[in-house]
Amino acid sequence: MAANSNSPSPKRSPAAATEEDDDAKAAIQFIEETTRNAGDVQQNVLAEILTQNADTEYLKGFNLAGATDRKTFKSKVPVVTYDDLQPLIQRIADGDTSPILSAHPISEFILSSGTSSGEPKLIPYTKDESDRRLRLCSLITPIINLHVNGLDKGKALAFLYTKPEIKTKGGIIARTTATSLYKTDLFKTRPYNPSNNIYTSPMEAILCGDPFQSTYTQMLCGLYEREQILRVGTLFAYGLIRIIKFLKNHWRELTHDIRTGSLHPKVSDPSIRGCMTRVIRPDPDLADLIGRECADNNWEGIIKRIWPNTKFLNVIVTGNMSRYIPTLDYYSGGLPKVSTIYASSECYFGLNLDPVSDGASEISYTLMPNMAYFEFSPLVVRDQSEVLVDLVDVEIGKEYEVVITTFAGLYRYRGGDVLQVTGFHNSAPKFKFIGRKNVVLNIDWEKTSEVELQAAVESASQMLQEFNTSDVEYTSFADTIKIPGHYVVYWELLLPAKGDSVNFPIDEVVLENCCLAMEESLNPMYRLLRIEGSIGPLEIRVVKSGTFEEVMNYAISRGASIGQYKVPRCVSSKPIVELLDSRVVSTHLSPSLPKWNSE
C-alpha cells in the first residue's frame with residue numbers, strides 16, 4: 001500500500017539486513033547451480049512432468065509406457081499448436097474435472113491472445129505452476145541489487161493493473177497473467193508498512209478495474225513520494241508513455257488535490273478513498289513544484305524532473321516495444337531501461353542477468369532450465385530431417401521458435417516466440433527476444449495475426465457490396481506517433497467508373513462502420529484494450545487506384561523479386577508509409593467502441 005510521504009525511507013535493521021543478504025546470496029547461488037547443470041536439470045524436469053502426468057488422458061494416448069527419457073518422448077509425442085489442444089482445453093473449461101492434460105487440478109486459465117477464430121486462448125494453470133512462477137520472480141531483486149546500489153533506501157513507482165476476469169462454463173476463472181500474479185494471496189496480503197513497502201501504489205488501486213481511478217491514484221501517490229522514488233515503470237514501454245500522457249492531461253487536477261488535500265470526485269471506489277486517507281494531505285509547495293514543471297509544456301526529461309532520484313525505468317523494451325525507446329529517452333533524459341524477466345501466458349522462461357541496459361539490442365534473457373522442458377525449432381531449416389534442438393544444443397547467432405512442455409499440461413507446444421541466441425551463462429543459453437511468429441500488428445498487450453486481420457477486412461468488405469464496390473488490396477500500420485496508438489488500414493477499393501472519372505458512391509458513415517466492423521472482428525484482448533482506452537479507434541485510409549502497384553514497384557526497385565513479391569499485410573518502412581499516405585483520398589475512424597463481453 002502507499003505510504004505517507006512523511007514516512008522515513010526504507011531502512012533495514014542489522015538483523016533484517018543480514019537475513020536479506022543471506023537470501024540474496026542463496027538466490028544467486030541457485031541461479032549459478034541451475035544454469036551450470038542445465039542439461040541434467042532439463043532431463044529431470046521432463047522426467048518429473050511425465051511422471052506427474054503419466055495417467056492423463058493426453059499422455060496415455062501416446063503409449064509412453066512409463067518412459068520419461070527425451071528420446072521416447074520426442075518420438076511418440078507430437079509437436080502441437082493451441083488449435084490442436086483446444087478441444088481438450090474446452091472440455092476442462094466446460095467443467096470436465098478428469099485428468100485430461102494435468103494430474104493436478106486446473107485452478108485457473110491464463111488468457112492469451114486470440115485464436116484464428118477470434119476467441120481468446122485459455123492456457124491451463126495450476127497452483128504448483130503459480131508457486132513456480134513466484135519463485136522465479138523472487139530472484140529478480142537480488143539480480144538488480146548486484147547492478148544498482150541503494151535500491152533498499154527508496155521506493156518504486158510501478159503502475160500495476162489488473163484486468164477484468166471471465167468465468168468459463170465450468171466456473172473456472174480466466175484472467176491475464178499479470179492479473180493472476182497481482183491477485184495471489186502473497187501479493188495481495190502484503191502488510192501495510194510505511195518504512196518497508198517498496199511500492200507506492202496502494203493494493204486497492206492496483207485491483208481497481210477502472211483505468212482512470214487506478215492510474216490517477218497511483219500517480220497521486222507517486223507524486224506525494226517523489227523524493228523517495230528510485231525507479232519508475234509499468235509492464236510495457238508503451239504503457240509508460242501512456243502514463244506520461246495521463247500526467248500531461250491531468251496535472252492540474254493532481255496539483256489541485258495535492259494543494260488542498262482532497263481527492264478527485266471521479267475516484268469514487270470506496271476502498272481507494274478509504275486507503276487514501278493515509279496518503280493525502282495539503283502540500284502547497286509540492287503542488288507549486290509539480291505545476292511549474294508541467295505548465296510550460298516542456299516534457300523533455302520530465303521523469304527526472306518530477307522524480308529526481310530515479311535510477312532507471314523498469315519496462316519491457318524488447319521486440320515490438322523497442323520502437324518506443326526514443327520516446328522514453330526523451331521523457332527520461334536517457335535513463336537506463338531495465339527489462340527483468342522473459343515470460344508469456346504459457347510459461348515463465350528466464351531472467352535478464354545483466355538488467356541495466358541502454359537499448360533493446362543489448363537485452364538478453366537467460367533461460368532457467370527448471371521452469372519447463374524447452375525445445376527449439378530452427379527458423380531456417382537446412383533440410384527436412386532437421387529436428388528440434390534441446391536447450392543446451394542451440395547455436396549462437398541462430399533464431400529459433402521456442403517449443404515448451406510444462407507442468408500444467410502443455411506438451412511440445414509451439415509458443416510462437418522467436419528468439420535469437422546471444423551467448424551462454426554457464427551451460428544455459430541467453431536469448432534475445434525477436435518477436436512473435438506470424439504477428440502482424442501489436443500496440444499494447446494484444447497480438448493481431450495476419451489471419452485475424454484478413455478476417456476483419458473480409459468482414460468489413462461485405463458492407464461494400466450493395467454499393468457495387470469491393471476491396472482490391474490492403475495493408476496495415478501500427479501508428480504509435482500519437483498516444484494512444486491505433487491501427488491504420490490502407491484500403492484500395494474497386495470503384496465504379498462514371499465517364500472519365502471515378503464515382504465514389506460510399507457514404508462517410510458506411511466507411512466509418514467498416515472501421516467498426518473490423519474492430520468487432522478482432523480478438524477479445526484488442527477489444528478490451530480499446531474499451532479501456534489503451535488503443536485508439538481503428539482508422540481506414542482509402543488510397544487511390546493503383547497505389548499498391550506503386551508499392552510493388554518500389555519494393556522491386558529495392559531488390560524484391562517480381563515473381564515472389566507479395567503485398568505486405570503490415571508495413572513499418574517509412575518510405576512505404578509515406579508513399580501510401582501521399583495517395584490517401586479519404587480517412588475514416590471507427591465511430592464507437594467495439595463490443596466486449598466479460599461473461
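How much area does the chain expose, and what share of it do carbon and sulfur atoms supply? The chain exposes about 25,700 Å², and carbon and sulfur atoms supply 50% of it. Areas come from the Shrake-Rupley method with a 1.4 Å probe.

This is a predicted model, in which local features need pLDDT of at least 70, side-chain atom pairs count only at pLDDT 80 or more, and totals for chains, interfaces and linings use all residues. Residues are numbered from 1 along each chain as its sequence is written, and side-chain values use heavy atoms, with hydrogens and water left out.

**Confidence**

pLDDT is the predictor's confidence in each residue, from 0 to 100. The chain averages 86, and 88% of the residues score at least 70. Two stretches fall under 50. A contact means heavy atoms within 4.5 Å.

| Stretch | pLDDT | Contacts in the model |
|---|---|---|
| Residues 1-17 | under 50 | 52 beyond four places in sequence |
| Residues 191-196 | below 50 | 15 beyond near neighbours in sequence |

**Fold**

The chain has 21 helices and 25 strands. These are DSSP runs: helices are H or I with at least four residues, strands E with at least two. Of the 599 residues, 53% are buried, meaning under 20% relative accessible area with a 1.4 Å probe, protein chains only. Among contacts with a separation of 6 or more, 69% join residues 24 or more positions apart.

How values were computed
Buried means under 20% relative accessible area, exposed over 50%, partly exposed in between (1.4 Å probe, protein chains only).
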